[in-house]
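Me: I'm new to this structure and would like a close look at one part of it. Could you take me through the pocket and the helices around it?

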Amino acid sequence: MDKGLAPLRLILAFSLLSTTIHYAHNTVRYADYPQLQGISVLVGGIVVAVTWVLLTAFGWLGYRAYTQGRYHRALAFFLVYSLAGLVTLGHFLTGVPQIPAFWFATIFTDAAAGLALWAFVFRSWATLNRVTTRDQVSTQH
């Protein structure tokens, strides 16, 4: 599994960069994004910031578990962290954000980071659960 550390670091760095930029803008300029009924701009901005902190903590916990060789736990944490990127597509459920192109693009870079993390998780999961020919036991005599 050590071979997967370089790609993991790249994916996590990309995700951290993209989500930090997007969530910071979304927090500060919450009013520029489609609104949910009954949620004030102040409360919405706070929810966005807290969500980013919580989800990013799962990414950190996943990385820590991965480097300690606790791969199954790490992969579960990474699935949760991937939501930091994937949930940004939820902006389109309430309308199309009327924001400058750069900030609009971060919605998609977040989603790409989330999908890349999913690909890493599923590839790693398959590698962890692979049964080699040497590990197989024949039931035929």
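Reply: Sure, and let's begin with the pocket lining. Helix 2 gives the largest share of the lining of the largest pocket, four residues. Keep in mind that this is a predicted model.

The elements that give two or more residues to that lining are helix 1 (5-28) and helix 2 (41-67). In total, 17 residues line the largest pocket, and those nearest its centre are Asn 26, Tyr 30, Leu 36, Val 48 and His 91. The space inside comes to about 400 Å³. As for chemistry, the lining has nine nonpolar residues, eight polar ones and no charged ones.

Now for helix 1, where two residues are worth a stop. One is His 25, which sits in helix 1. His 25 counts as buried because its relative accessibility is 10%, and the cut-off for buried is under 20%. Leaving out residues up to four places away in sequence, His 25 touches Tyr 30, Tyr 33, Ile 99 and Trp 103. Tyr 30 also turned up above, among the residues nearest the centre of the largest pocket.

The other is Ser 15, also found in helix 1. With 4% relative accessibility, Ser 15 counts as buried too. Setting aside neighbours within four places in sequence, its contacts are Thr 20, Tyr 81 and Ala 113. Tyr 81 is one of the buried residues of helix 3, and Ala 113 is one of the buried residues of helix 4. For a sense of distance, the C-alpha atoms of Ser 15 and Phe 92 are 20 Å apart, with their positions 77 residues apart along the chain.

That brings us to helix 3 (residues 71-86). Its 16 residues should span 22 Å at 1.5 Å a residue, and its end C-alpha atoms are indeed 22 Å apart, so the two agree. Its buried residues include Tyr 71, Phe 77, Phe 78 and Leu 86. What do the buried residues of helix 3 pack against? Their partners are helix 1, helix 2 and helix 4 (101-128).

Helix 4 can be checked in a similar way. It has 28 residues and reaches 40 Å from its first C-alpha to its last, close to the 40 Å expected at 1.5 Å a residue. Among its buried residues are Ile 107, Asp 110, Leu 117, Phe 120 and Val 121. The buried residues of helix 4 pack against helix 1, helix 2 and helix 3.

Key. Residues numbered from 1 in each chain as written. Predicted model: local features only at pLDDT ≥ 70, side-chain atom pairs only at ≥ 80, totals over all residues. Heavy atoms only, no water. 1 Å grid on protein atoms, 1.4 Å probe; cavity = no way out; pocket = protein on both sides within 12 Å on 5 of 7 lines; lining within 4 Å. Points joined across faces, edges and corners; volume = space filled by probe spheres on them. Nonpolar A, V, L, I, M, F, W, Y, C, P; charged D, E, K, R; others polar. Buried < 20%, exposed > 50% of the residue type's maximum accessible area, 1.4 Å probe, protein only. Contact = heavy atoms within 4.5 Å. Expected span 1.5 Å × (residues − 1).
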